[in-house]
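User: Please take a close look at the salt bridges in this structure. I am a first-year student, so give the cut-off for each term you use.

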Amino acid sequence: DGYTLSKTKAERLLWKFLEDNDDPFECVAILPVVSIGPIQNPNREIGLSLDLVKKCLGEMPSVNVSVNLVDVRDVATAHVEAMLRPKEVVNKQRYVP
């Protein structure tokens, strides 16, 4: 899948850039799965993720699959925590909220 491949390549390029350039800045990779949460755009009744879920539930036959979801507020908390923690703890780490 092109999307997943592009995310993987981008992260690898980031770590290589840091290594090749003597770590010019601190970095933490936060890698959420499918994010869901409150709608922030007042011009939309539902968000894109919810559009997809409703489409799947309404138009697809029932199948036995699992999907990992994370609340977007938890992703935001992970970003804040990464900024507030000592760099010795989080620098060059990967987190999947």
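Analyst: The setting comes before the salt bridges, and some surface and end features follow them.

This is a predicted model, in which local features need pLDDT of at least 70 and side-chain atom pairs count only at pLDDT 80 or more, while totals for chains, interfaces and linings use all residues. Residues are numbered from 1 along each chain as its sequence is written, and side-chain values use heavy atoms, with hydrogens and water left out.

The term pLDDT stands for the predictor's confidence in each residue, from 0 to 100. Its average over the protein chain is 82, and 76% of the residues score at least 70. The chain has four helices and four strands; helices (H or I, at least four residues) and strands (E, at least two) are DSSP runs, numbered from the N terminus. Read from the N terminus, the order of elements is α-β-β-α-β-α-α-β. Among these elements, helix H2 (residues 48-59) has the lowest mean pLDDT, 66, and helix H3 (residues 72-84) the highest, 92.

Now the salt bridges. Side chains of opposite charge can pair when their charged atoms come close. A salt bridge here is a side-chain nitrogen of Lys or Arg within 4 Å of a carboxyl oxygen of Asp or Glu. This rule gives six salt bridges.

One of them joins aspartate 20 and lysine 16, with 2.6 Å from N to O. Both residues belong to helix H1 (residues 2-20) and sit four residues apart, about one turn of the helix. Aspartate 20 is partly exposed at 48% relative accessibility, and lysine 16 is partly exposed at 47%. On this scale, buried means under 20% relative accessible area, exposed over 50%, and partly exposed in between (1.4 Å probe, protein chains only). The helix that holds this pair, H1, has 19 residues and reaches 26 Å from its first C-alpha to its last, close to the 27 Å expected; the expected span is 1.5 Å times one less than the number of residues. Just after H1, aspartate 22 takes a positive phi of about 55°.

Another salt bridge is formed by lysine 87 and glutamate 26, whose closest N and O atoms are 4.0 Å apart. Lysine 87 lies in helix H4 (residues 87-90) and glutamate 26 in the loop between H1 and strand E1 (28-30), so this pair ties together parts that are 61 residues apart in sequence. Lysine 87 is partly exposed at 44%, and glutamate 26 is partly exposed at 48%.

Arginine 73 and aspartate 71 also form a salt bridge, with 2.6 Å between the closest N and O atoms. Arginine 73 has a relative accessible area of 49% and is therefore partly exposed.

Next to consider is the chain as a whole. Of its 97 residues, 11% count as buried. A contact means heavy atoms within 4.5 Å; among contacts between residues at least 6 apart in sequence, 70% join residues at least 24 apart.

Last come two other features. Valine 33, in the loop between E1 and strand E2 (34-36), is partly exposed at 34% relative accessibility. Aspartate 74 is placed in helix H3 and is partly exposed, with a relative accessible area of 44%. Aspartate 74 and proline 97 are 23 residues apart in sequence, and their C-alpha atoms are 7.0 Å apart in space.
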